[in-house]
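Student: I'd like to learn how to read ring contacts, helices and pockets in a protein model. Could you walk me through one?

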Amino acid sequence: MTIERTKTILEDLERTLLRFMRKHKITHEEYRRATDVLVATVKAGEESLLYDVFFEAEATDIGKIGRQASAEAVEGPFYLPDAPKLEAPYLLPQRPDEAGDVLFLRGRVTSPDGTPLAGVELDMWQADAAGHYSNIHPNMPEWNLRGRFHSGSDGTFEVRTIVPPPYEIPKGGPTGAVLGALGRHCFRPAHLHLKIRHPEYGELTSQLYFEGGDYLDSDVANAVREGLIARLVRRDHPEELAARGLRKPYFEVRFDFKLVPRHAGDVRRRA
Ligand code: BEZ
Ligand code: FE
């Protein structure tokens, strides 16, 4: 971001907010109340949460304009870099008795013309069956349900994890208070987070949701996008269970991703 663009945007933000204050005749008491909420989010470690709930989806959509890659979705406040690198066959790190139904996520990563991309890094993170993220919520093993793995020579990948539930974002702090004042609930539909990377292709940050899931139409973060809702297929045939070495029914999701080269086909139309 150039200094010039930063200045243009900051000046317009200032003008927009001043216009907004005059329009609503914001009093000093109301102004102080608003700055107190912002200060409280920092004290509660929620500054990312508040902004990501309200604004990140818009920035993600604007960034997507003109790109031919797969649909994108917000990163959210719970991404952490440097998740463990996994060895094949890939299993997201989990407790020996991890709650939740077993899920195999598989698919293929290609370029826009369908060429399979080998050696793509998939960096995946998700909530556990209680709706909690490791390294964020207390009393969870470090890096639980977070890991990085790769597509094979034919562009395909498969990872074993658990089916995540819909979850409520932390609602006891200032973000919950703001949402409460708006009369909104704090739930996100069940989802898997992924960042997909290849040195020659643009990084893709996305999420996968599940057909028929709760809160798809009322996500508190407004981050569900067409093309990101996958079918969760239940497998319970004895032969399928035996092939997977499992005793209980499990689920499968198949989802393919498209990346666009970093320099070609990534034409951004800026108004
Ligand atoms: C999440 O998916 O974890 C999330 C995304 C945006 C706001 C809050 C949470
Ligand atoms: Fe999430």
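Tutor: Gladly! Let's begin with charges and rings: a charge sits over a ring if NZ of Lys or CZ of Arg is within 6 Å of the ring centre and within 35 degrees of the ring normal. Keep in mind that this is a predicted model.

Student: Which charged end sits over the ring of Tyr79 here?

Tutor: That of Lys195, which lies 4.8 Å from the centre of the Tyr79 ring. A second case is Arg244, whose charged end sits over the ring of Phe104 at 3.6 Å from its centre.

Student: How many aromatic pairs does the structure hold?

Tutor: There are 10 aromatic pairs. One of them joins Tyr79 and Trp125: their ring centres are 4.7 Å apart and the planes meet at 55°, so this pair is tilted. The reasoning is that planes under 30 degrees apart count as stacked, over 60 as edge-to-face and the rest as tilted.

Student: Where do Tyr79 and Trp125 lie in the fold?

Tutor: Tyr79 is in the loop between helix 3 (47-64) and strand 1 (90-91), while Trp125 belongs to strand 3 (residues 121-125), so the pair ties together parts that are 46 residues apart in sequence.

Student: Is Tyr79 buried or exposed?

Tutor: The cut-off for buried is under 20% relative accessible area. Tyr79 has 15% relative accessibility, so Tyr79 counts as buried. Trp125 is buried too, with a relative accessible area of 1%.

Student: What about Tyr90 and Phe149?

Tutor: They form a tilted aromatic pair, 5.3 Å from centre to centre with 35° between the planes. Tyr90 lies in strand 1 and Phe149 in strand 4 (residues 146-150), so this contact ties together parts that are 59 residues apart in sequence. Accessibility is 17% for Tyr90, which therefore counts as buried, and 0% for Phe149, which is buried as well.

Student: Which residues form one aromatic cluster with Tyr90 and Phe149?

Tutor: Phe157, Phe255 and Phe257 join them in one cluster.

Student: Let's move to helices. How far apart are the end C-alpha atoms of helix 2?

Tutor: The general idea is to take 1.5 Å times one less than the number of residues as the expected span. Helix 2 (residues 28-43) has 16 residues, so the expected span is 22 Å, and its end C-alpha atoms are indeed 22 Å apart. After helix 2 comes Gly45, with a positive phi near 70°.

Student: And pockets? How much space lies in the largest pocket?

Tutor: About 770 Å³. It is lined by 18 residues, and the closest to its centre are Phe20, Ala34, Thr35, Val37 and Leu38. Helix 1 (3-24), helix 2, helix 3 and helix 4 (174-181) each supply at least two lining residues.

Student: Which helix gives the most to the lining of the largest pocket?

Tutor: Helix 2, with seven residues. By chemical character, the lining of the largest pocket has 15 nonpolar residues, one polar and two charged.

Student: What lines the second largest pocket?

Tutor: That pocket holds about 350 Å³ of space, and its lining residues include Arg5, Asp12, Phe55 and Glu58. Helix 1 and helix 3 are the elements that give two or more residues to this lining, and helix 1 gives the most, with five. The lining of the second largest pocket divides into five nonpolar residues, one polar and three charged.

Note on methods: Residues are numbered from 1 along each chain as its sequence is written. Chains are lettered from A and ligands numbered from 1 in the order in which they are written. This is a predicted model: local features need pLDDT of at least 70, side-chain atom pairs count only at pLDDT 80 or more; totals for chains, interfaces and linings use all residues. Side-chain values use heavy atoms; hydrogens and water are left out. Rings of Phe, Tyr and Trp (its six-membered ring) pair if their centres lie within 6.5 Å; planes under 30 degrees apart count as stacked, over 60 as edge-to-face and the rest as tilted. Helices (H or I, at least four residues) and strands (E, at least two) are DSSP runs, numbered from the N terminus. Buried means under 20% relative accessible area, exposed over 50%, partly exposed in between (1.4 Å probe, protein chains only). On a 1 Å grid over the protein atoms alone, a cavity is a set of points where a 1.4 Å probe fits but cannot get out, and a pocket is an open set with protein on both sides within 12 Å along at least five of seven lines; lining residues have an atom within 4 Å of a point. Grid points are joined across faces, edges and corners, and a volume is the space filled by probe spheres set on the points. Ala, Val, Leu, Ile, Met, Phe, Trp, Tyr, Cys and Pro count as nonpolar, Asp, Glu, Lys and Arg as charged, and the others, Gly among them, as polar.
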